[in-house]
Each structure stands twice: as structure tokens, then as C-alpha cells.
Amino acid sequence: MKFSLCQMDIVPGDPEANRKRVQEWIESTVQNENPDTIVLPEMWTTAYTLPQLEEIADHDGEPSRSFLQQLAQQHDVNLIAGSVANKKEDGIYNTAIVIDRKGNAVYEYDKAHLVPMLDEPQYLQGGKKRPEVFELEGLKIGLIICYDLRFPEIIRPLALDEAQALFIVAEWPEARANHWENLQIARAIENQMYVLSANRIGNYNGVEFSGRSMVVNPWGDVLEKGSQHKEEVITTTLDLEKVKQVRKDVPIFESRVPHLYD
Ligand SMILES: O=C(O)CCC(=O)C(=O)O
């Protein structure tokens, strides 16, 4: 399966403008790269305009879900469609959305860990469920949102449930770019799976975002890395034999001692 990771800038607080941009990104990515799956960054409808979210967040995933379903179907492409600010009954969540190429809503996940450094806990609710493995065309996938990357506790169960690739949708700041890069490599090595990420670029409210969207193989080799400042599309294919091979060569899942871990 061929994946295109969209390393975009985001217009703060203007979902309509961002939907227009995402539509253009999807159209040009399909035309230029012909991927099976396109990946978008975190909170791409609004960016981190937290005090405005009461007015501009989606309601129960709409209109983003329908907008993405229509685009996926029209362009015959799966969408790991980043995340959006999403108002539900008890507050606003940071919700990741996955749509398949037929326009089916395959999976949604509310970001579990809220970032104190960006004041998320003041404005958002943390997701109540851990991420689960879902499938796109036979590939077993885990999906997390940005700060979740710091919590191996929620990523290990995805590997134990046979995920072959972990996707990270993000707005990770430049100030902690070394954590961004090294944690992705660590998660790939310790879980012996591909790690692919789509991070935003640009600035908002004095925070510079770090780009550097990545593709890391299950051995921990960085196969692709976006630049720091430029909008770009990174396209890659995955060799699933590599997951099997690494798990065979260093059989950590057979060496685990679960009763020591509680
Ligand atoms: O963990 C970090 O340093 C950044 C996390 C973040 O920016 C986010 O989750 O949006």
C-alpha cells in the first residue's frame, strides 16, 4: 500500500479555509502521487485556537466526517484524516477520523493524553478509550495523536494486537523536535513496526511547529524525513516482510514476561 503524508500549514481558527486547502491537497496528492492512503496532521480544521473552539469545533464529527467521506469516495483514496476539534455532549475532544476509499467511516479515536504545555487540559476532554487496531485493505494499523507518542503504555497493546504500522498525526513544536524524532525511532524499534507521521509546519501563538514528518521502519531506520519549514508530501510504500523478519530475528514478543509488568 502506498501512503502519502501531508506536512501542511494550518489557517488558525478558520475551518472553511482549511477544508478548502485540504480538498486541494487531496486532489493534487492523488494526481501527483497516486497513493492508496493519504494522511493529514492533527487539528487541521482549527489549529490550536483553543479559546475559539466552543464556536468553531465540529459537532459529533460533522461537518468533517461527511466532507472527508465525499472526498475519499470521489478520489478513490483512503484517508487517515488527521484529527479535528470535536464537540460532544460532555465537552470538546481532539478526534482522529479514518475513512476508507468507499467513503465508509472506519475508525475514530479521541486523543487520550492532553498536553499541559499547550493548555489542552483547560479546553479539551481526554479520550475515555485507548486506541485500537483497525484495518485498511488488510494492513493492521494503530493510530495515535501527537503527545500520545510519549506514552509507550498505549502503544504496546497495539503491537500485541498485531499492528504492523503506527501512524501519528501531530502538531509537534520545534522546541521539542529531538523528542519528536527519537521517540518515533524508539517506538518503531521497541514494537518492531513501521512508524509514519504527519506533522504540521508553521507558527501559531508564538509556537513554531517542527514538520519533520517521518517514515521509520521496524528496525528503526529513518526511511524518510520531511523538512522543518516546508509544506510537502512524503510518499512511501511499506514492505510488510520487514515486520515479519525483524520480529523473527529479535523475537521480543516471545521473550516478554507479562507477570512482571503489572
Ligand atoms: O509532547 C510534546 O512535546 C508535544 C505534544 C503536542 O504538541 C501535542 O500533542 O499537540
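Good morning. Let me begin with residues 1–240, whose end C-alpha atoms lie 10 Å apart. Of this span, 27% is helix and 33% is strand. What we are looking at is a predicted model. The choice of residues 1–240 comes from UniProt, where an unreviewed entry lists them as "domain: CN hydrolase".

I turn now to the ligand. Which residues surround it? In order of sequence, they are Glu 42, Val 115, Leu 118, Cys 146, Tyr 147, Arg 150, Glu 171, Trp 172, Pro 173, Arg 176 and His 179. By character, this shell divides into six nonpolar residues, one polar residue and four charged residues.

Next, the backbone, where three places deserve attention.

The first topic is a peptide bond. Glu 62 and Pro 63 are joined in the cis form, with omega about 15°. Where does Pro 63 sit? Its place is in the loop that runs between strand E3, residues 58–59, and helix H3, residues 64–75.

The second topic is Met 43. This residue is not a glycine, and yet its phi is positive, near 45°. Met 43 belongs to the loop between strand E2, residues 37–39, and helix H2, residues 53–56. Is Met 43 buried or exposed? Met 43 has 28 C-beta neighbours inside 10 Å. Since 20 or more are needed for a residue to be called buried, Met 43 counts as buried.

The third topic is Gln 192, which also is not a glycine and has a positive phi, of about 50°. Gln 192 is placed in the loop between helix H6, residues 177–191, and strand E10, residues 194–199. Gln 192 counts as buried because it has 24 C-beta neighbours inside 10 Å.

From the loops I move to the packing of helices, beginning with H6. Helix H5, residues 152–160, packs with H6 at an angle of about 40°, and their axes are 10 Å apart. Angles under 35 degrees would count as roughly parallel; H5 and H6 are therefore oblique to each other. The crossing in which H5 passes H6 is right-handed.

A second pair is formed by helix H1, residues 15–33, and H3. Their axes come within 11 Å and cross at roughly 20°. H1 is therefore roughly parallel to H3. Here, too, the crossing is described by its hand: H1 passes H3 in a right-handed crossing.

Finally, let me set separation in sequence beside separation in space, using two residue pairs.

Ser 83 lies in strand E4, residues 78–88. Ser 83 is buried, because 27 other C-beta atoms are found within 10 Å. How far apart are Ser 83 and Ile 252, C-alpha to C-alpha? The distance in space is 32 Å, while the two residues are 169 residues apart in sequence.

The other pair involves Leu 240, which lies in helix H7, residues 240–249. Leu 240 has 16 other C-beta atoms within 10 Å, so it is partly exposed. Leu 240 and Phe 3 are 237 residues apart in sequence, and their C-alpha atoms are 14 Å apart in space.

To close, I return to the starting point: the ends of residues 1–240 lie 10 Å apart, C-alpha to C-alpha. Around the ligand, the shell includes Glu 42, Cys 146 and His 179. Thank you for your attention.

Technical notes. Residues are numbered from 1 along each chain as its sequence is written. This is a predicted model: local features need pLDDT of at least 70, side-chain atom pairs count only at pLDDT 80 or more; totals for chains, interfaces and linings use all residues. A residue is near a molecule or strand if its C-beta atom, placed from the backbone, lies within 6 Å of it. Ala, Val, Leu, Ile, Met, Phe, Trp, Tyr, Cys and Pro count as nonpolar, Asp, Glu, Lys and Arg as charged, and the others, Gly among them, as polar. UniProt positions are given in the numbering used here, feature names are shortened, and annotations may be inferred rather than shown by experiment. Helices (H or I, at least four residues) and strands (E, at least two) are DSSP runs, numbered from the N terminus. A residue is buried if 20 or more other C-beta atoms lie within 10 Å of its own, exposed if 12 or fewer, and partly exposed in between; C-beta atoms are placed from the backbone. Axes are lines fitted to C-alpha atoms, for helices over the stretch in contact, and angles run from 0 to 180 degrees between N-to-C directions. Angles under 35 degrees count as roughly parallel, over 145 as roughly antiparallel, 65 to 115 as roughly perpendicular and the rest as oblique. A crossing is left-handed if the near helix is turned anticlockwise from the far one by less than a right angle, and right-handed if clockwise.
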